[in-house]
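Please open the structure in your viewer and keep the selection tool at hand. The tour below proceeds stop by stop, stating what to select and what is found there.

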Amino acid sequence: MNAIWQSLSNLGPTSRKVCFGLGIAVVCFLFAFPVLWLVLTSLRPQSGVFYVHQGTEFTLDSYFQVLSDPRIVAAFVNTAVIATLATVFSILITVTSGYMLSRFSGLISRGWFGTIYVFRCIPYISWVLPLYFVTQSIGAYDTYLGLLLPHIAVHICFFSWLMKGFFDGIDPSMEYAALIDGCSRWGAFYRVALPSAIPAISALAVLCWLFTWNEFLFALILTGQNTPVLTVVIAQFVHEMGTEWHLMSATAVLGLVPAFFLTLFGQKYVIRGLKI
């Protein structure tokens, strides 16, 4: 590695730019190639999925078959609803949680910080079995509520730390001025701190939605026939009769579309949020 770095340092500015461009192109290819292969597989007939690189026979039959399956359509709707609700409730709690951790240092704040710290130290895969028994006992298994609560808990534990960092980067002097002018603490938070944190909140909203949209483990354990979820439905194309690669690929490509557009339109907020 040192020899490679030494060789690059001996190159001229133009050569270094060319090497840098080639490196970026290789990285982009490594990321884009699996997606391209997935799209090509979804466009091939069932008999040609193992020969994606051969032949010119392409069809949209896999997409029509997927979109005509009520269970897959229900999975898309359920996943979108759960992702949206989990994002809304998580942001409502996480913003106030991060503000409290940033601006207060009392017993309640320290206790809350210790609580989310402990939960972040525990791998959330270890929550699955207790959550299964809890949702069974309260009648929330295979319902929106039974799947929303674990996602919200994970989001609160992780994103409260991030929101604390964002609020730490906001100068509190304007909030002090608002308090002097007669605002309550909630008024200063709502009128001063919250507008300043909009880029950070937008970034966290995008990340929350994508995390829930792509999550598999909670969906696998806590859902059944009543609330099918997209990631679980995709996994069910692998069964005892083989793997339906064409349908799995078509469903995966359709699942990429909402995430792609959300990321496309939300990237500027994510970048602005990370710069705070």
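Which residue lies over the face of F58, and at what distance from the ring centre? Select F58 together with R44: R44 lies over the face of this ring, 5.6 Å from its centre. Please bear in mind throughout that the model is predicted.

**The nonpolar core**

Next, select I72 and W213. Within the largest nonpolar core, which has 20 residues, these two have the most contacts. To see which elements surround them, colour helices α3 (61-67), α4, α10 (198-214), α12 (230-235) and α13 (245-275), each of which gives two or more residues to this core. Helix α13 gives the most, with six residues.

**The aromatic cluster**

Now select Y99, F104, F167, W186 and F189, which form one aromatic cluster. In the structure, the count of aromatic pairs comes to 14. One of them joins Y99 and F104: the ring centres are 6.5 Å apart and the planes stand at 75 degrees, above the 60 degrees required, so this pair is edge-to-face. Are the two partners buried or exposed to some degree? Y99 has a relative accessibility of 5% and therefore counts as buried, the limit being under 20%. F104, with a relative accessible area of 37%, is partly exposed.

Keep Y99 selected and add F189. These residues form a tilted aromatic pair, with 4.7 Å from centre to centre and 55 degrees between the planes. The pair links distant parts of the chain, as Y99 belongs to helix α4 (residues 70-103) and F189 to helix α9 (residues 185-196), 90 residues apart. F189 counts as buried because its relative accessibility is 7%.

**The salt bridges**

Side chains of opposite charge can pair when their charged atoms come close. How many salt bridges does a search of the whole structure find? The search finds two.

For one of them, select R103 and E175, whose closest N and O atoms are 2.8 Å apart. This salt bridge also links distant parts of the chain: R103 is in helix α4 and E175 is in helix α8 (residues 173-180), with their positions 72 residues apart. Both R103 and E175 are buried.

For the other, select D168 and K164, whose side chains meet in a salt bridge at 2.9 Å, N to O. Why are these two residues separated by about one helical turn? They are four residues apart in helix α7 (residues 144-168), which accounts for that separation. D168 counts as partly exposed because its relative accessibility is 42%. K164 also counts as partly exposed, at 24% relative accessibility.

**The nonpolar surface patch**

For the last stop, show the surface and select F113, Y117, V118, F119, I122 and W161. These residues make a nonpolar surface patch of about 530 Å². Which element supplies the largest share of this patch? Helix α5 (residues 107-121) does so, with four residues. F119 lies in this helix. With a relative accessible area of 38%, F119 is partly exposed. This value also satisfies the requirement for a patch residue, because the cut-off is over 30% relative accessible area.

Terms used:
Residues numbered from 1 in each chain as written. Predicted model: local features only at pLDDT ≥ 70, side-chain atom pairs only at ≥ 80, totals over all residues. Heavy atoms only, no water. Patch = residues over 30% accessible without salt bridge, like charges linked within 9 Å, V, L, I, M, F, W, Y side chains within 5 Å. Areas by Shrake-Rupley, 256 points an atom, 1.4 Å probe, with all protein chains shown as cover. Salt bridge = Lys/Arg side-chain N within 4 Å of Asp/Glu carboxyl O. Buried < 20%, exposed > 50% of the residue type's maximum accessible area, 1.4 Å probe, protein only. Phe/Tyr/Trp six-rings, centres within 6.5 Å; stacked < 30°, edge-to-face > 60°. Lys NZ or Arg CZ within 6 Å of the ring centre and 35° of its normal. Core = buried A, V, L, I, M, F, W, Y, C linked by side-chain atoms within 4.5 Å.
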